[in-house]
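Subject: Structure handover

Hello,

Here is the structure I promised to pass on. Please open it before you read further.

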Amino acid sequence: MHYTVLIVDDSSSTRQFLEGILRIEGYEALCASTAAEGLAILQRHGADVVLLDLRLPDADGLITLTEIKQLRPHLPVIVITAFSDIDSAVGAMKRGAYDYLPKPFGAASLLAAVARALETVSLRAEIERLRQASTASLDPQIIGQTPVMQHIIDLVARIAPTHVSVLIQGPSGVGKEIVARQIHRLSADTACPFIPINCAAIPETLLESELFGYETGAFTGANRPKKGLIESAHTGTLFLDEISGMKPDMQVKLLRVLEDRRVRRLGSTTDVPVNIRILAASNRDILGMMQAGAFREDLYYRLGVVVFTLPPLRERANDIQLFLAYFIEKFNTELGRQVEGVSDEALALLNRYPWPGNVRELRNVIERAMVLCDGPQIGLEHLPAEISRAALPAPLSIADPLAGSLGLKERVAQLELALIKRALQEAGGNQTAAARLLGLSRDELRYRIKRYGLDEG
């Protein structure tokens, strides 16, 4: 994709330096020497990223930044400032700047900052594409660049217009109900009811009455007739979530409904015809349950004309940034925030975290971070402590504690030093990130670094 970078700087030598580097890398560069000229170029031609010097001859850089954000709220702006004027850079970040570059900086630092900003642009464009597609076909939460997700997205589009039963497998939190709703949305029955029920969440004694309904007097407390969920889903879709939690006797009754396409309320002597599509989901290995006699084979083949498995989030790490972009956009709207992305240190932790709760957990983490974040980026301080702890490298192997002549204090110091070195290595030398990994404050880490002489040389 062809990207355009707008350079706003009153120094001709700086403009030439920046323009030359960017053009070598294949970017189009537009240059302005004043704030007014930069705003005019932005209005006429647009840009994907802006490099903005905070010291301009005709306007205050922070005011210019505000004007740019008013024109293009989501446009990444990288401010350029003197190293001695970091306070201004911090002020710019609070006003919505994406990043800042303290002078003097090299080509590598410039290109890395631009690449990060453009990654945000690309992700936002992908989310917008998904949002536009969702109005006609695709739920934006069904995201995936990995081959397995691309296959599932294609499969959903193929099976949705048919009336076949579908069994969706996968661990909790991967989005099985979202996929089921998408299948219904794309079907010919989209205007008809979509009725979900969690089979594992309803006590066995109540599940039958919930599914089949009952007549007055069918049991104690049945004071008036009630239509069951199967009957309520007539002409539409019944989604049986966690079907593996259904007991064998209920499996027999459900199988009869699927075969006869008729349902009988509890306490009734007549059947009611039903025309429903069954979608089912399970977080357990149903094939293994069949072998153990815990799930009926005939029901499995009735439910699973098409069977596919949604992978856990840890197996689709390349999709994490797409989810981040989608959830940030979503919660910006819902919470009234203007968060533009995630810091490099926070992103590194999110990518290393194993996500036992899958997409649901990621959604909750980002929602929490958005509530706490009042700047342009989600940082380490906005993430739950369990993510920092889980992202620590595997524990160091320790030799026999009785070997050698070192005492307890020496052993503890030896281990502490090794952990600090490992955390600094994992954090790329960033002491704030390393402190977060170790569960320390930055001052506590700085004290230990000085004590062990790690800041020398």
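Below is what was found, from the whole chain down to single residues.

**The whole chain**

Please keep in mind that this is a predicted model. The protein chain has 457 residues, and 46% of them are buried. Its secondary structure comes to 19 helices and 16 strands. The accessible surface is about 22500 Å². Carbon and sulfur atoms account for 52% of that surface. I also looked at contacts between residues at least 6 apart in sequence. Of these, 69% join residues at least 24 apart.

**Helix α13 and its partners**

Start with helix α13, which covers residues 320–335. Two helices that pack against α13 are described here, α14 and α15.

Take α14 first. This helix spans residues 344–352. Its axis lies 11 Å from that of α13, and the packing angle is about 120°. The pair is therefore oblique. The crossing is right-handed. Which residues meet there? From α13 come Ile 320, Gln 321 and Leu 324. From α14 come Leu 347, Leu 350 and Asn 351. By class, 4 of the residues in this contact are nonpolar and 2 are polar, with no charged residue.

Now α15, residues 358–372. The axes of α13 and α15 come within 9 Å and cross at roughly 45°. That angle makes α13 oblique to α15. This crossing is right-handed. The α13 side of the contact includes Phe 323, Phe 327, Ile 328 and Phe 331. The α15 side includes Leu 362, Ile 366 and Met 370. In total, the contact has 12 nonpolar residues, 1 polar and 3 charged. Among the residues in it are Lys 330 in α13, and Arg 363 and Glu 367 in α15.

Ile 320 and Leu 324 appear in the contact with α14, and they appear in the contact with α15 too.

**Gly 341**

Next, find Gly 341 in strand β15, residues 341–342. Is it buried or exposed? Gly 341 has a relative accessible area of 8%, so it counts as buried. Neighbours within four places in sequence aside, Gly 341 is in contact with Ile 328, Pro 376, Gln 377 and Ile 378. Ile 328 is also one of the α13 residues that meet α15. Tyr 98 is 243 residues from Gly 341 along the chain. Even so, their C-alpha atoms are separated by 8.3 Å.

**Gln 169**

Last, go to Gln 169 in strand β6, residues 166–169. Its relative accessibility is 14%. The cut-off for buried is under 20%, so Gln 169 counts as buried. What is Gln 169 in contact with, leaving aside neighbours within four places in sequence? One run of partners is Val 307, Phe 308, Thr 309 and Leu 310. The others are Lys 176, Ser 282, Arg 284 and Ile 286. Leu 310 is 141 residues from Gln 169 along the chain. The C-alpha atoms of these two are separated by 6.2 Å.

Over to you.

Best wishes

Key: Residues numbered from 1 in each chain as written. Predicted model: local features only at pLDDT ≥ 70, side-chain atom pairs only at ≥ 80, totals over all residues. Heavy atoms only, no water. Helix = DSSP H or I, 4+ residues; strand = E, 2+ residues; numbered from the N terminus. Buried < 20%, exposed > 50% of the residue type's maximum accessible area, 1.4 Å probe, protein only. Contact = heavy atoms within 4.5 Å. Areas by Shrake-Rupley, 256 points an atom, 1.4 Å probe, with all protein chains shown as cover. Axes fitted to C-alpha atoms, helices over the stretch in contact; angles between N-to-C directions. Parallel < 35°, antiparallel > 145°, perpendicular 65-115°, else oblique. Left-handed = near helix turned anticlockwise from the far one by under 90°. Nonpolar A, V, L, I, M, F, W, Y, C, P; charged D, E, K, R; others polar.
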